[in-house]
Amino acid sequence: MTTLPLPLPLPLPVPLPQPVALPHPVPAPSASAPVDALSVWPATTTEQAHGQLLVGGVPLTEIAEGHGTPVYVLDEAEVRERCRTYRTAFPDAGIHYAAKAFLCRALAHWVEEEGLGLDVCSAGELELAVTTGFPPERILLHGNVKSPQDLETALRLGVGRIVIDTPAEIARIAAAVGTDGRQKVMVRVTPGISAGGHRKIRTGSDDQKFGLSLRDGHAQHAIARILDQPHLELTGIHCHLGSQITDVKPYLVAVRRLVGLMARVRDSHGVTLPELDLGGGHGIAYRPGEPALDVTTLARKVRAELAESCAAAGLPVPRLIIEPGRAVVGPAGVAVYRVLAVKRTPGRTFVAVDGGMSDNPRPALYGARYAPRLVGRHSGAGPERVTVVGRHCEAGDVLAEDVPLPADTRPGDLLALPAAGAYHLSMASSYNLVGRPPVVAVLDGHARLLVRRETPADLRTRDVGL
């Protein structure tokens with residue numbers, strides 16, 4: 001990459017369109033087309049007589065008996081197939097799995113074997129991946145603010161890219177690299193697009209903590225400062241619009257706006273940036289009949305828009321990078337709980353289980369909705385609308401509100417929650433000093449423990465003072 005002398009002060013960018021909020025329609029399933037109850041389960045899921053459900057060829061009841069409950073089941077075949085779907089849809093792009101969705105050593109190994117890179121948000125995620133054998137040059141570090149430990153670890157291990165999210169990071173990274181080093185970096189740009197399934201997970205607009213605004217000129221000023229640092233190599237522009245996006249349109253708007261920025265960088269500095277990272281946020285279905293982002297359609301339309309926008313701007317097409325997380329691991333996970341109590345009140349029926357917001361905070365944070373299912377026995381009873389709640393001392397500890405379960409659901413039954421692979425255990429806590437559940441992988445009829453249960457002894461060990 002060629003860096004030319006910079007004209008200072010940097011000219012203000014040309015006026016940009018005002019930020020837009022894009023619609024996120026959720027079409028209802030057609031009344032004439034029955035919804036497949038297993039559509040949000042891993043593709044290997046099969047149902048047998050007497051209510052038995054198998055994932056990866058392994059009965060969920062067998063996993064519950066062998067490992068206790070709550071327990072999380074991760075279908076290796078589903079993870080790998082979703083990695084391959086991305087590789088096929090985006091054959092020339094860099095696909096980086098977003099580790100924040102969920103990370104363990106086995107998962108890092110699977111995505112590395114399938115040819116994906118990794119994006120991480122902390123020294124902890126980075127160290128776990130690299131000590132597992134993940135190539136550091138295929139890892140990208142980002143986050144709205146990096147601690148000194150994050151940056152030291154990234155530079156020591158030779159991370160492939162660091163995404164600059166705030167002007168203060170420019171001098172910090174340059175100083176940490178030193179006079180003999182050189183670090184590839186990207187700039188996270190906020191393109192003024194509101195997209196995502198909940199206001200707390202929309203990150204492409206100007207009114208949140210991530211990135212540098214395209215509209216007010218901060219992004220261009222940061223780019224100028226980076227280009228003036230001889231030990232930083234600016235490889236491209238990064239953005240992330242939000243999470244649980246099910247419409248292609250926001251990504252196409254982002255492509256047009258970011259290519260426009262790349263053209264202004266070329267015109268101002270004589271530098272053609274070789275990479276464009278559109279982040280992730282690809283939505284999945286949590287309940288039968290809900291929409292999900294179609295990866296093949298996304299790839300076709302994004303690639304076409306990128307080629308058209310670059311041609312109009314007289315730019316070569318940059319290498320595309322995307323960062324799916326939830327869409328890779330979310331549908332591959334199943335959470336299994338045991339019913340501890342059923343309580344009927346004049347207003348509603350509560351089914352209480354042995355997990356809750358400590359292993360799945362999403363309903364409390366975002367109002368997430370799930371479709372739990374009775375497994376392990378067949379019920380002839382009709383459905384009853386119930387609220388599945390957790391064991392924690394919070395009124396908001398609700399896993400699934402107003403959902404149908406057999407009217408004879410009783411203590412000792414097993415309930416399974418599909419689409420549980422992302423942002424459950426990665427956001428889990430030890431609230432009420434309840435240990436986090438184990439993770440069990442299934443593949444071809446075999447189950448193996450990936451992450452053991454957190455025990456009372458683990459929790460006591462951390463408490464070192466009186």
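These legends go with a set of close-up views of one predicted model.

**View 1. The whole chain, before zooming in.** The protein chain runs to 466 residues, and 54% of them count as buried. Its secondary structure comes to 12 helices and 23 strands. If you look just at contacts with a separation of 6 or more, 71% of them link residues 24 or more positions apart.

**View 2. Helix α8 alongside helix α9.** Here we're looking at α8 (residues 249–269) and α9 (residues 295–313), whose axes come within 9 Å and cross at roughly 30°. Angles under 35 degrees count as roughly parallel, so α8 is roughly parallel to α9. The crossing of the two is right-handed. On the α8 side, the residues that do the touching are Y251, L252, V255, R256, V259, A263 and R266. Facing them from α9 are L298, K301, V302, E305, L306, S309, C310 and A313. Sort that contact by class and you get 10 nonpolar, 1 polar and 4 charged residues.

**View 3. H282 and its neighbours.** Where does H282 sit? Look in the loop between β14 (275–277) and α9. Its relative accessible area is 3%, so H282 is buried. The side chain of H282 makes a polar contact of 2.7 Å with the side chain of Y86. Leaving aside residues up to four places away in sequence, H282 touches Y86, I245, Y251, L293, L298, I322, P324, R326 and A327. Two names here may ring a bell from the previous view: Y251 is one of the α8 residues that meet α9, and L298 is one of the α9 residues on the other side of that contact. As for Y86, the partner in the polar contact, its number puts it within α2 (residues 76–89), which comes up again below.

**View 4. Helix α2 packed on helix α3.** The helices on show are α2 (residues 76–89) and α3 (residues 105–113), packed at an angle of about 35° with their axes 9 Å apart. As in View 2, the crossing is right-handed. From α2, the contact takes in E76, V79, R80 and C83. From α3, L107, W110, V111 and E113 join in. That makes a contact of 5 nonpolar and 3 charged residues, with no polar ones.

**View 5. A cis peptide bond at T69 and P70.** Most peptide bonds are trans. The one that joins T69 and P70 is cis, with omega at about -5°. To find the spot, go to the loop between α1 (60–67) and β5 (71–75), where P70 lies.

**View 6. Q244, a residue with positive phi.** Most residues other than glycine have a negative phi. Q244 isn't a glycine, yet its phi is positive, near 60°. You'll find Q244 in the loop between β13 (232–238) and α8. Is Q244 buried or exposed? The cut-off for buried is under 20% relative accessible area, so Q244, at 16%, counts as buried.

**View 7. Y423, with a positive phi of its own.** This close-up takes us to the loop between β21 (414–417) and β22 (439–443), where Y423 is found. Phi of Y423 is positive, at about 60°, although Y423 is not a glycine. With a relative accessible area of 12%, Y423 is buried.

Conventions:
Residues are numbered from 1 along each chain as its sequence is written. This is a predicted model: local features need pLDDT of at least 70, side-chain atom pairs count only at pLDDT 80 or more; totals for chains, interfaces and linings use all residues. Side-chain values use heavy atoms; hydrogens and water are left out. Axes are lines fitted to C-alpha atoms, for helices over the stretch in contact, and angles run from 0 to 180 degrees between N-to-C directions. Helices (H or I, at least four residues) and strands (E, at least two) are DSSP runs, numbered from the N terminus. Angles under 35 degrees count as roughly parallel, over 145 as roughly antiparallel, 65 to 115 as roughly perpendicular and the rest as oblique. A crossing is left-handed if the near helix is turned anticlockwise from the far one by less than a right angle, and right-handed if clockwise. Contact means heavy atoms within 4.5 Å. Ala, Val, Leu, Ile, Met, Phe, Trp, Tyr, Cys and Pro count as nonpolar, Asp, Glu, Lys and Arg as charged, and the others, Gly among them, as polar. Buried means under 20% relative accessible area, exposed over 50%, partly exposed in between (1.4 Å probe, protein chains only). A polar contact is a pair of N or O atoms within 3.5 Å; within protein, one must be able to donate a hydrogen and the other to accept it, and residues adjacent in sequence count only if both atoms are side-chain atoms.
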